[in-house]
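Me: I should like a close look at a single part of this structure, namely one helix and the helices that pack against it. Please explain the part in connected prose suited to a first-year student.

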Amino acid sequence: MTVLFFLRNFLPYTSGNGASVMTWAFAQQLIADGHKVSICKFESSDTGGWQWLADAEALMASRGISVRKLSSPESRRGNRLLRGVRRLGTMVRRPIQPRLEDFYPSRVSAREVQHIIEQERPDVLYAYDMSAIALLTRLPVRTPIIASIVDLPAEWLRHRRKYKPQRSNLGWAQRVLDLLAERKVAEHSLDCLRRCDSVIEHAAHHARWLKDHGVACVYLPNPVQDPVERGVQLCQAKPRVAGSIKIGMMGANRGLATIAGLKFFVDLLLPALTPADREVFEFHIFGSGEPPGPILKRLKGDRNVRIRGHVKDIDSEFLSCRFLLVPTPIDLGFRTRIAEGFGYGAVVVAHAANAEGMPELKHLENCFLCSQPEQFLTAFRQLASDDELLARLSQNARSCFEQHYASHVVARKMIQAALRITGNVASQSRTRVLTTVTEPEDSSR
């Protein structure tokens, strides 16, 4: 079986962000099981702090994975005045007649996408997230589509209004315009998902919502490659050491979930630390990019915080942290960083909101789940002094990973879903409701 991945502006990799980690796990398992993988990376642009992209390209080349890149047509980069008029027209129309492409615009040529599909001749198209799903379901393609989604679009936009509010100088008026423009996002995204041949939702509570709204989907956690497969030697124990205790915080620092967690961290957790806590704990923040300016300023101004940025040897960081902190306080999507940490046998202290998408998380069984600052501090202090508790949670976290998150478990279920729909094509007539294929207007996210 040949699977053609459609990924918006990123590549699979062993680290970087959650999307890269989980798509790499799927790709490497496909290859390990004798299948072929190729990639269409569409809407390429300058991604700033994503230093891992060059390493990801090298990894794809070493595995024989063909990567086709599609950028916006040159005609879209022409007259500045014309582009400005189009944007103004879109801004006026969106509140009156909202469209899904206002949020997931196909800036690439539909003809080029179809040409790549014809050249690669895949058995299955793998559409990761709504950008790719919206792109492919607008086209008259007969190749079956397996959709893979984590964040529900309407929920993502709702949380973006809170954590990424400064998108223009219009203030409250922009919020009103956004609410009007977003009012049909859920309806339109459901329509797209119903056109797919198979839908995998990687967050349990979102899967329930989709099923309640007529989408035949299955919940599968985000797959993560077992670090042992890459030759990582897992620690059997993490004895107390002299000096500060290292607490790790992982994530792409421009991502919504990471920003929400960092805001909770600077607003509630850092102020709650006692002078005694500050003599013990040191917080190391790993990840590409920089968080918004106000958060970054507060992080840099705290003596207990170390901003490490992108780290190539992320394995050693997972292993050297006494435990991991995931303070994301919103029930959006699936926290790949938790599943990834479990693969290293890392002990995780997470906000309880993350268990909505990850029912495998069990408080005091394989992790700490907290909601109030004092609960987090209690967890920190217990894990700092209790080696037996740390060892038990570590062992259970690793067992949870092997049972629920490892790619040889989850990605193989995704492969089975792909194989099922390839078998269905030959045995039944497939009809997909298609929108008219046109070159879309120039609009911004």
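Reply: The crossing of H10 and H15 is right-handed. In this predicted model, H10 covers residues 256-272 and H15 covers residues 373-385. Two packed helices are described by the angle between their axes and by the distance between those axes. For H10 and H15, the angle is about 60° and the axes lie 9 Å apart. H10 is therefore oblique to H15, since an angle of 65 to 115 degrees would be needed for a roughly perpendicular pair.

Which residues bring H10 and H15 into contact? From H10 come Phe 264, Leu 268, Leu 269 and Ala 272, while H15 supplies Pro 373, Phe 376 and Leu 377. The division by character is plain: 7 of the contact residues are nonpolar, and there are no polar and no charged ones. The spacing of the residues may be read with a general rule in mind. An α-helix has 3.6 residues a turn, so residues three or four places apart point the same way. On H10, Phe 264, Leu 268 and Ala 272 all belong to the contact; on H15, Pro 373, Phe 376 and Leu 377 do so.

H15 also meets a second helix, H16, which spans residues 387-405. Here the axes come within 5 Å and cross at roughly 100°. This angle makes H15 roughly perpendicular to H16. The contact involves Gln 382, Leu 383 and Ser 385 on the side of H15, and Asp 387, Leu 389, Leu 390 and Leu 393 on the side of H16. Its residues divide into 4 nonpolar, 2 polar and 1 charged. The contact of H15 with H10, by comparison, has no polar and no charged residues.

A further helix, H14, may be considered beside these. H14 comprises residues 336-343, and because 8 of its 8 residues are buried, it is largely enclosed by the rest of the structure. The buried residues include the charged-type names Arg 337 and Glu 340, together with others such as Ile 338 and Phe 342. After H14 comes Gly 345, whose phi is positive, near 70°.

These helices belong to a chain with 17 helices and 13 strands. Of its 445 residues, 56% count as buried. The chain exposes about 19300 Å², of which carbon and sulfur atoms supply 51%. Among contacts between residues at least 6 apart in sequence, 75% join residues at least 24 apart.

Notes: Residues are numbered from 1 along each chain as its sequence is written. This is a predicted model: local features need pLDDT of at least 70, side-chain atom pairs count only at pLDDT 80 or more; totals for chains, interfaces and linings use all residues. Side-chain values use heavy atoms; hydrogens and water are left out. Axes are lines fitted to C-alpha atoms, for helices over the stretch in contact, and angles run from 0 to 180 degrees between N-to-C directions. Helices (H or I, at least four residues) and strands (E, at least two) are DSSP runs, numbered from the N terminus. Angles under 35 degrees count as roughly parallel, over 145 as roughly antiparallel, 65 to 115 as roughly perpendicular and the rest as oblique. A crossing is left-handed if the near helix is turned anticlockwise from the far one by less than a right angle, and right-handed if clockwise. Contact means heavy atoms within 4.5 Å. Buried means under 20% relative accessible area, exposed over 50%, partly exposed in between (1.4 Å probe, protein chains only). Accessible areas come from the Shrake-Rupley method with a 1.4 Å probe; for residues, only the protein chains shown count as cover.
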